[in-house]
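Please open the model in a viewer and keep the selection panel at hand. The tour below proceeds from one selection to the next.

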Amino acid sequence: MFTVAIIGRPNVGKSTLFNRLVGKKLALVDDRPGVTRDRREGEARLGDLTFKIIDTAGLEEGDAASLPGRMRAQTEMAIEHADAIFFLFDSRTGLTPDDRVFANLVRRAGKPLILIANKAEGRAGEAGAVEGYDLGLGEPTPLSAEHGDGFASLYAALREAL
Ligand code: GDP
Ligand code: MG
């Protein structure tokens with residue numbers, strides 16, 4: 001089974017995507033102290049694909065300029081364990097300095113990456129999704145993790161990236 005890590009700054013919808021992909025088969029919550037405390041792992045289903053998925057959680061919100069150390073460590077650990085990355089940004093708020101910090105982390109990893117423009121439901125989201133090209137991580141895949149839109153495109157993008 002391959003592993004996908006969900007990466008992105010706080011509030012872009014990582015946990016919402018995790019919950020939707022894992023459905024009711026929510027797996028273990030990692031209670032070990034330290035950087036792994038808020039890392040959740042589960043078994044994801046997407047079409048005919050089954051894979052391990054890692055949700056990374058922001059422990060501290062922090063200011064834009066300095067990504068809090070624990071969050072960075074947690075993100076780097078998740079990336080290290082992953083065979084592919086779902087990198088999320090928020091189509092509604094547009095790109096922030098934090099998005100670029102996280103983008104640089106995943107860029108360095110050099111792993112298969114799917115750039116996800118989340119919260120892309122409706123017109124505001126569609127317009128915002130195109131802004132994702134500016135991260136230099138390839139073509140954004142518009143998604144609405146909350147409403148369940150765009151999962152066929154996510155499947156196609158994942159298949160292509162692997
Ligand atoms: P995380 O911090 O990246 O894990 O983000 P969460 O999954 O906790 O979501 C942050 C907020 O964004 C919550 O209020 C969600 O309901 C909302 N959200 C998540 N996905 C979507 C989406 O597809 N569309 C909209 N409009 N809101 C969303
Ligand atoms: Mg979360």
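Two residues are in contact if their C-beta atoms, placed from the backbone, lie within 7 Å. With that criterion in mind, begin at helix α5, residues 151-161, in what is a predicted model.

**Helix α5**

Select L154, A157 and L158, the buried residues of α5. Viewed down the helix axis, these buried residues fall within an arc of 100 degrees, so they line one face of α5. Now display the strands they pack against: β2 (40-46), β3, β4 (84-90), β5 and β6 (141-142). Then turn to the face of α5 that points away from the buried side, where the exposed residues A152, R159 and E160 are found.

**The whole chain**

Zoom out and colour by secondary structure. The protein chain holds 5 helices and 6 strands, and their order along the sequence is β-α-β-β-α-β-α-β-α-β-α. Of its 162 residues, 38% are buried. Among contacts with a separation of 6 or more, 67% join residues 24 or more positions apart.

**The nonpolar core**

Next, select I7, I85, F86 and F87. In the largest nonpolar core, which has 34 residues, these four touch the most other members. To see where this core draws its residues from, show β1 (3-7), α1, β3, α2, β4, α3 (97-109), β5 and α5, the elements that each give two or more residues to it.

Which residues are in contact with F87, leaving aside its neighbours within four places in sequence? Centre the view on F87 and display I7, G8, A103, V106, L113, I114, L115, I116 and L137, which are its contacts on that basis.

**Helix α4**

Move to helix α4, residues 122-129, and select its buried residues G125, G128 and A129. They span an arc of only 105 degrees around the axis, which puts them on the same side of α4. Strands β5 and β6 are included in what covers these buried residues of α4.

**The ligand shell**

Select ligand 1 and the 16 residues that surround it; G13, K14, S15, T16 and E146 are the closest. Helix α1 (residues 14-22) supplies the largest share of this shell, 3 residues. By class, the shell around ligand 1 contains 3 nonpolar, 9 polar and 4 charged residues.

**A loop residue, T56**

Follow the chain to T56, in the loop between β3 (49-55) and α2 (69-81). Is T56 buried or exposed? T56 is buried, because 26 other C-beta atoms lie within 10 Å, and 20 or more are needed for a residue to count as buried. Add Q74 to the selection: the C-alpha atoms of T56 and Q74 are separated by 7.0 Å, although the two residues are 18 residues apart along the chain.

**Confidence**

Finally, colour the model by pLDDT. The protein chain averages 85, and 82% of the residues score at least 70. Over residues 27-37 the pLDDT is below 50, and this stretch has 17 contacts in the model beyond near neighbours in sequence. Residues 59-65 also stay under 50, with 13 contacts in the model beyond four places in sequence. Among the elements of the chain, strand β5 (residues 113-118) has the highest mean pLDDT, 98, and α2 the lowest, 82. For the complex, the predictor gives an ipTM of 0.99 and a pTM of 0.89.

Key: Residues numbered from 1 in each chain as written. Chains lettered and ligands numbered in written order. Predicted model: local features only at pLDDT ≥ 70, side-chain atom pairs only at ≥ 80, totals over all residues. Helix = DSSP H or I, 4+ residues; strand = E, 2+ residues; numbered from the N terminus. Buried ≥ 20, exposed ≤ 12 C-beta atoms within 10 Å, placed from the backbone. Near = placed C-beta within 6 Å. Nonpolar A, V, L, I, M, F, W, Y, C, P; charged D, E, K, R; others polar. pLDDT = per-residue confidence, 0-100. Arc of directions from axis to C-beta. Core = buried A, V, L, I, M, F, W, Y, C linked by C-beta atoms within 7 Å.
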